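Reader: I have a model open and want to know what stands behind its labels. Can you take me through the reasoning?

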Amino acid sequence: MINLKDKKILVLGFARSGYSTAKILNKLGYDVTLNAYDDLSTDEKAAELRELGIKVIDGGHPLELLENIDLIVKNPGIKYQIEFLQKAIDKKIDIITEIELANTLFNIDMIAITGTNGKTTTTQMTFDILKASKKDVFLAGNIGYPSIEIAYNHPNSLLVTEVSSFQLQGTKYFKPSIAVITNLGVGHLDYHGSVENYRDAKRNVYKNQDKNDILILNINEKDKFDIERINSKVLFYDTKENIEADIYVRDNMVIFEGVELFDITKLSLPGMHNVENAINAAVISFIKGAGKESIQNVLYAFSGVKHRLQFVGEHKGVKFYNDSKATNPVATTRALSGFEKNIILVCGGQDRGIDFKELIPYLPRVKSMVVVGESKEILYNLAIDNNVDCHKAIKIDDATILANSLAENGDTILLSPACASWDQYKCFEDRGDEFIATFKKIIQED
């Protein structure tokens, strides 16, 4: 537990979580200051905080702020490498994130789902199952509300949270009752600096767990973890019949503790990666008291989370899928694995120096590629070198129109960029929304 008695707390960064954290700490009677790099002079929420007596310092991170600070609650997007945080580290000031503050300050029961890919879908599936089972449950973290809001307003509830590597790096006290690492690939090297730093951040999700807590891992990634040093109860799952796994598939049924949880052939979402997501969600929910009927009803009807292999619609026999959340090649391979052939792949975006070689084994499934963004030329050359028809476009709008002109009855148009969106869009959601809007425009014009 975090002891905040008589401590001076700095909330670093604004946005929704910073606003909520500062406001709630103030309500609880703590000495709190908020510091943001942006100009907040005309921001209504910042004005509200000032009226509550919270000191708001904006327009930069002055080092003198550190002279009277005992704890920093950091926005996950702020890199530890900035001078302000490096000075704080030198001064041995504790630096945590809002999700950790919520978990430990209120001692709330929290499920933490992280991983390179699949965490959003798994989180949403888990929440939907528990909600259908009439559990007192809330969605928080990267999707839903800030954890601190739920913990403050509903301290006896269960939180299902999607947790990022940004939130987990530097974790000190965070202790979820159930933790899941969906997979441990490569991501956010621009933030973490190396693959091992990134993976170490993910591994922090279980570092404070004890024998009463549960960690769920893919048995095929066992070599990525030092199992002997994990204190929690580890449950391994596999998507095939494997007697060494705690959860496995036999005759298409997912088996856990002798119970047949669901039939993998009845899932509405395509791809083996979604079988993995559903296994994680089902096992978490079952442990937390959900019944088989709720698990099956939710999973069989689950049509996806927006921007995560979301089925947008069908037009003239062509199906459109929005997987804008696929911001790395591995995520795109997972999307491609859900379709056998006749894919028209719309991809490309910010060039972060990532190798796209992971896509090569899946290119035989791709009928044509339409490429955009900074990585356009790299992806174009990859396609041509592997004998895939490829076309260049500017943004998602004209790329989707071009893909539609190439498509025939039975084809699938898949937006799965394999890249971040920041070269042309504010976020992957904006990119996906443009794809959806263009699909609607195509229907209207035909």
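Author: Start with the pocket lining. A lining residue has an atom within 4 Å of a pocket grid point. This is a predicted model.

Reader: Which residues line the second largest pocket?
Author: They are R203, N204, Y206, K207, Q209, D226, R229, I230 and N231. The volume of this pocket is about 220 Å³.

Reader: What makes up that lining by class?
Author: Four residues are charged, three are polar and two are nonpolar.

Reader: Why is N204 called buried?
Author: Buried means under 20% relative accessible area. N204 has 15%, so N204 is buried. N204 sits in the loop between α9 (195-203) and β10 (214-218). Leaving out residues up to four places away in sequence, N204 touches L168, Q169, G170 and T171.

Reader: How do you know that the span of helix α1 agrees with its 13 residues?
Author: The expected span is 1.5 Å times one less than the number of residues. For residues 15-27 that gives 18 Å, and the end C-alpha atoms are 19 Å apart, so the two agree.

Reader: Which residues of α1 are buried, and what covers them?
Author: S17, G18, Y19, S20, T21, A22, I24 and L25 are buried. Their cover includes β1 (8-12), β2 (31-35), α2 (44-51), β4 (71-74), α4 (98-105) and α6 (147-153).

Reader: What follows α1?
Author: G29 does, with a positive phi near 90 degrees.

Reader: Where does UniProt list "domain: Mur ligase C-terminal"?
Author: The unreviewed entry gives residues 307-419. That span is 26% helix and 27% strand, and its end C-alpha atoms lie 14 Å apart.

Technical notes
Residues are numbered from 1 along each chain as its sequence is written. This is a predicted model: local features need pLDDT of at least 70, side-chain atom pairs count only at pLDDT 80 or more; totals for chains, interfaces and linings use all residues. Side-chain values use heavy atoms; hydrogens and water are left out. On a 1 Å grid over the protein atoms alone, a cavity is a set of points where a 1.4 Å probe fits but cannot get out, and a pocket is an open set with protein on both sides within 12 Å along at least five of seven lines; lining residues have an atom within 4 Å of a point. Grid points are joined across faces, edges and corners, and a volume is the space filled by probe spheres set on the points. Ala, Val, Leu, Ile, Met, Phe, Trp, Tyr, Cys and Pro count as nonpolar, Asp, Glu, Lys and Arg as charged, and the others, Gly among them, as polar. Helices (H or I, at least four residues) and strands (E, at least two) are DSSP runs, numbered from the N terminus. Buried means under 20% relative accessible area, exposed over 50%, partly exposed in between (1.4 Å probe, protein chains only). Contact means heavy atoms within 4.5 Å. UniProt positions are given in the numbering used here, feature names are shortened, and annotations may be inferred rather than shown by experiment.
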